[in-house]
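Good morning, and thank you for the time. I would like to take the group through one protein chain, beginning with its charged side chains and then turning to what lies inside.

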Amino acid sequence: MPKYKLLQALQVSLNCNLALLKSLSLLTTAILQHRTVNLAVLATTADGKDCSNESRYRRFQDFFLNFTLCLPSLGKFLLDRIPKPFSGYILAMDRTNWQFGQRDINFLTIAIVAGKVSIPVVWKVLPASTRRGNSNTAQRVALTKTLLALLPASNIQVLTMDREFVSKKWLSWLDEQGVGYIVRIKKNAVVGKRLASEHAVSRGRKPT
């Protein structure tokens, strides 16, 4: 069964309580099966135990209350299962915003681009005080240092980013680490004494 294989893999990679790993394994397979994160629905997933849906629901609640995940270990677990392309990984830095009631929850993440999907490897919850949810250079550097502890720069083909991540200090730091990058910029940005829109037109691209 896939969930038992997943549990075995988690036991090797994550140094956690077995009961918590079993809950994580069941949660993961249930999410894939039902394509939802609604705990009431996930609790209907059979786990080989003679227990009620209500019991599994409480088990899932306890999991989220008590489980502290080691993110570097999880990142390594994911990297070990994504074959490295010959030219290195293509990465994407992005920020995503969720709302819990009136509360904004902002995640800064770096993901591996694998075909048509992106798989987050490292991430950071930004402080609630972060202006408009945008990250700053210190937060980006801290997250990228976590990534580089798992994945050397020599294994990275390129880090792609949207224009909210344009910063001289930040891009200079990436240069120092040997991390190549592609970043989207505004059409009125000056690059080499020319507007970015002029560079785009010279390459047959539509300015943005």
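Let me begin with a salt bridge between the side chains of Asp80 and Lys76, whose N to O distance is 3.0 Å. Lys76 is partly exposed, at a relative accessible area of 47%. Please keep in mind throughout that this is a predicted model.

How many salt bridges does the count come to? The count is 3. Another of them joins the side chains of Arg95 and Glu164, at 3.1 Å from N to O. That pair links distant parts of the chain, since Arg95 belongs to strand S1 while Glu164 sits in the loop between S4 and H7, 69 residues apart. Glu164 has a relative accessible area of 27% and is therefore partly exposed.

There is also a salt bridge between Arg184 and Asp162, with the closest N and O atoms 3.7 Å apart. Arg184 is in the loop between strand S5 (181-183) and strand S6 (190-191), and Asp162 is in the loop between S4 and H7, so this pair ties together parts that are 22 residues apart in sequence. Both partners count as partly exposed: Arg184 has 40% relative accessibility, and Asp162 has 33%.

Allow me to step back to the chain as a whole. The protein chain contains 8 helices and 7 strands. Of its 208 residues, 34% count as buried. The exposed surface comes to about 13,400 Å², of which carbon and sulfur atoms supply 55%. If one takes the contacts between residues at least 6 apart in sequence, 43% of them join residues at least 24 apart.

I turn now to the interior. Which residues touch the most other members of the largest nonpolar core? They are Leu91, Leu159, Met161 and Trp170, in a core of 25 residues. The elements contributing two or more residues to this core are S1, S2, S3, H6, S4 and H7. H7 provides the largest share, with 4 residues.

Met161 deserves a closer look. Setting aside neighbours within four places in sequence, Met161 contacts Met93, Trp170, Leu171, Leu174, Tyr181, Ile182, Val183 and Arg184. Arg184, then, is a contact of Met161 as well as the salt-bridge partner of Asp162. Apart from the largest core lies another one, of 17 residues, which include Leu7, Leu24, Leu27 and Leu74.

Next, helix H6, which covers residues 137-150. Its 14 residues reach 20 Å from the first C-alpha to the last, close to the 20 Å expected at 1.5 Å a residue. At the start of H6, a side-chain oxygen of Asn136 comes to within 3.2 Å of the backbone nitrogen of Ala138. The buried residues of H6 are Thr137, Gln139, Arg140, Val141, Leu143, Thr144 and Leu147. What covers these buried residues? The cover includes strands S1 (89-100), S2 (103-114), S3 (117-125) and S4 (156-161), together with helix H7 (168-177).

I close with Ser23, which is placed in helix H2 (residues 18-34). Is this serine buried or exposed? Ser23 counts as buried because its relative accessibility is 5%, where the cut-off for buried is under 20%. Residues up to four places away in sequence not being counted, Ser23 touches Arg59, Phe60 and Phe63.

Methods: Residues are numbered from 1 along each chain as its sequence is written. This is a predicted model: local features need pLDDT of at least 70, side-chain atom pairs count only at pLDDT 80 or more; totals for chains, interfaces and linings use all residues. Side-chain values use heavy atoms; hydrogens and water are left out. Buried means under 20% relative accessible area, exposed over 50%, partly exposed in between (1.4 Å probe, protein chains only). Contact means heavy atoms within 4.5 Å. Accessible areas come from the Shrake-Rupley method with a 1.4 Å probe; for residues, only the protein chains shown count as cover. The expected span of a helix is 1.5 Å times one less than its number of residues. A polar contact is a pair of N or O atoms within 3.5 Å; within protein, one must be able to donate a hydrogen and the other to accept it, and residues adjacent in sequence count only if both atoms are side-chain atoms. A nonpolar core is a set of buried Ala, Val, Leu, Ile, Met, Phe, Trp, Tyr and Cys residues joined through side-chain atoms within 4.5 Å. A salt bridge is a side-chain nitrogen of Lys or Arg within 4 Å of a carboxyl oxygen of Asp or Glu.
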